Amino acid sequence: MERFARLEHVLAAAVREVPPVRVGGVVRQVSPTHYRVAGLSAFVRLGDRVGFDDGGRAVTGEVVRIDEDGAVVKPFDGRVTIGIGAIAYRYGPMALNPDPSWKGRVINALGEPIDGLGALVLGPRAMQLDADPPPAMTRSRIKTPLRTGVRVIDLFTPFCEGQRIGIFAGSGVGKSTLLSMLAHCSGFDTVVVALVGERGREVREFLEGALAANRHRSVVVVSTGDESPMMRRQAPQAALAVAEFFRDRGESVLLIVDSVTRYAHAARDVALAAGEPAVARGYAPSVFSDLPKLLERAGPGGEAGGSISGMFSVLVDGDDHNDPVADAIRGTLDGHIVLDRSIADQGRYPAVNVLGSISRLADIVWNREQRELIRRLRTLISRYEDTRDLRLMGGYQPGSDSELDQAVGLVPRIYDALRQNPDDETSRDAFAELAKAMKG
């Protein structure tokens with residue numbers, strides 16, 4: 001036994017002296033969207049990160065397809081700089097190591113700082129970017145109402161801690177502006193923001209404007225529209241990995257993603273590069289399975305843990321709310337806020353269509369009187385909008401319909417009460433402010 005012990009000690013010392021060996025392959029095909037690498041098929045898995053030897057410049061990509069002839073790697077850099085014969089190395093699964101000191105920092109989709117404030121402190125725990133949602137039976141129930149400070153939201157689509165709600169709108173209707181107003185929402189320990197496919201000039205505007213008051217407790221993940229589809233696809237995943245880290249510390253996290261549609265566009269580009277067929281308006285099947293997995297990662301945590309309250313903007317292509325991506329997202333979330341271009345054209349902001357918007361957790365927030373009031377207000381607004389053409393043609397005579405008379409008298413006051421600009425003071429008691437406006 002003593003001889004075996006000495007032999008084991010000698011072998012262990014020899015192993016420590018052997019330098020580590022990286023698994024490598026060779027680039028055999030280069031296209032504008034991806035590289036094909038030979039020699040890595042047996043050693044990599046889908047989602048693994050691969051690095052390329054490009055004369056000292058760091059070039060990385062992700063494995064999106066594997067077959068016997070090689071692995072298809074889609075680079076994070078949008079520029080094609082790798083040539084035939086370049087050496088590729090396996091780095092392993094994508095992960096981040098968040099730390100509490102990340103609050104107040106701005107990072108890219110790879111977890112690298114882009115705010116010029118120095119290197120990030122890496123935490124001891126690796127958070128997988130493509131993690132699974134928490135098991136359904138381990139999640140706590142949603143019980144805590146939250147005040148957003150936006151009157152129309154607090155009245156008609158109230159928000160709760162741990163809820164996931166979407167803001168659906170076409171381009172230029174005020175989607176990002178409403179998100180910036182919701183970023184002032186109090187009651188959260190940490191705010192995590194993913195700016196996906198945004199204009200570069202809007203990043204600092206958001207950081208120094210809407211997020212200024214909460215900047216010290218925020219982590220912002222940025223992937224602008226000029227970056228590669230891989231970066232835009234990974235930005236929401238990185239933001240969720242950071243949010244999950246703080247949730248597991250027992251904190252209440254507000255997650256803002258603007259927008260999920262651009263994530264879907266990037267996921268479509270990646271799926272098509274991997275050889276998937278297009279099945280619905282150019283989207284591959286994996287896009288519709290990736291969306292619920294991404295969105296389900298937000299929500300309540302365990303009974304003793306924190307929660308992730310999600311606000312997701314959805315860009316409705318061509319103002320078509322039956323767009324397959326918008327429809328898939330709407331069916332996954334706990335509520336949706338619809339912004340209407342016709343309301344924005346009237347100069348009423350936020351341009352929320354209260355008849356088309358819903359919060360599936362509103363009953364947790366409303367008491368019996370408030371529930372009945374909102375039901376009655378929806379009825380009046382519906383009657384007012386349904387008879388708009390009739391009234392414009394002069395077919396309405398006061399006194400002939402008491403309910404319509406009431407709608408004509410009250411709905412314009414309701415609309416005035418719901419107006420709110422980003423620089424206005426946040427609402428403190430939406431029901432009291434509405435009652436005051438209607439009396440006036």
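**Exercise 1. In which strand is Val-30 found?**

Solution. The model is predicted.
Step 1: find the strand. Val-30 belongs to E1, which covers residues 24–30.
Step 2: check its exposure. The relative accessible area of Val-30 is 32%. Buried would need under 20%, and exposed over 50%. Val-30 is therefore partly exposed.
Step 3: look for its surface partners. Val-30 forms a nonpolar patch on the surface with Val-80 and Ile-84. Together they have about 240 Å² of accessible area.

**Exercise 2. Which strands pair with E1, and over how many bridges?**

Solution. Start with the general rule: strands of a sheet pair through backbone hydrogen bonds, either parallel or antiparallel.
Step 1: take strand E2, residues 35–38. E1 and E2 pair in the antiparallel sense over four bridges. As an example, Gln-29 has Arg-36 in E2 as its bridge partner.
Step 2: take strand E6, residues 87–93. E1 and E6 are also antiparallel, with three bridges. Here Gly-24 stands opposite Tyr-89 of E6.

**Exercise 3. What is the bridge partner of Gly-51 in E6?**

Solution.
Step 1: locate the strand pair. Strand E3 holds residues 48–54 and is joined to E6 by five bridges. The two run antiparallel.
Step 2: name the partner. Gly-51 has Tyr-89 as its bridge partner in E6.
Step 3: put this beside Exercise 2. Tyr-89 also stands opposite Gly-24.

**Exercise 4. In what order do the strands of the closed barrel run?**

Solution.
Step 1: read the order. The barrel has six strands and runs E1-E2-E5-E4-E3-E6. Its pairing is antiparallel.
Step 2: add the angle. With direction ignored, neighbouring strands of this sheet are turned by 45° against each other on average.
Step 3: see the closure. The order begins with E1 and ends with E6, and E1 and E6 pair with each other.

**Exercise 5. Which side chain meets Arg-90 in a salt bridge?**

Solution. Side chains of opposite charge can pair when their charged atoms come close.
Step 1: find the pair. Arg-90 meets Asp-48 at 3.2 Å, N to O.
Step 2: place both ends. Arg-90 lies in strand E6 and Asp-48 in strand E3, so the salt bridge ties together parts 42 residues apart in sequence.
Step 3: compare exposure. Arg-90 is partly exposed at 33% relative accessibility. Asp-48 is buried at 4%.

**Exercise 6. Are Arg-233 and Glu-62 buried or exposed?**

Solution.
Step 1: apply the cut-off. Buried means under 20% relative accessible area.
Step 2: read the values. Arg-233 has 14%, so it is buried. Glu-62 has 6%, so it is buried as well.
Step 3: connect them. The side chains of Arg-233 and Glu-62 form a salt bridge at 3.3 Å, N to O. Arg-233 sits in helix H5 (residues 229–248) and Glu-62 in strand E4 (residues 57–67). They are 171 residues apart.

**Exercise 7. How many salt bridges does a search of the whole structure find?**

Solution.
Step 1: give the total. The search finds 29 salt bridges.
Step 2: add another pair. Arg-371 and Asp-363 meet at 3.1 Å, N to O. Arg-371 is partly exposed at 33%, whereas Asp-363 is exposed at 53%.
Step 3: add a network. Salt bridges link Arg-199, Arg-201, Glu-202 and Glu-205.

Key
Residues are numbered from 1 along each chain as its sequence is written. This is a predicted model: local features need pLDDT of at least 70, side-chain atom pairs count only at pLDDT 80 or more; totals for chains, interfaces and linings use all residues. Side-chain values use heavy atoms; hydrogens and water are left out. Patches are made of residues with over 30% relative accessible area and no salt bridge: like charges are joined within 9 Å, nonpolar side chains (Val, Leu, Ile, Met, Phe, Trp, Tyr) within 5 Å. Accessible areas come from the Shrake-Rupley method with a 1.4 Å probe; for residues, only the protein chains shown count as cover. A salt bridge is a side-chain nitrogen of Lys or Arg within 4 Å of a carboxyl oxygen of Asp or Glu. Buried means under 20% relative accessible area, exposed over 50%, partly exposed in between (1.4 Å probe, protein chains only). Two strands pair if DSSP finds at least two bridges between them. Axes are lines fitted to C-alpha atoms, for helices over the stretch in contact, and angles run from 0 to 180 degrees between N-to-C directions.
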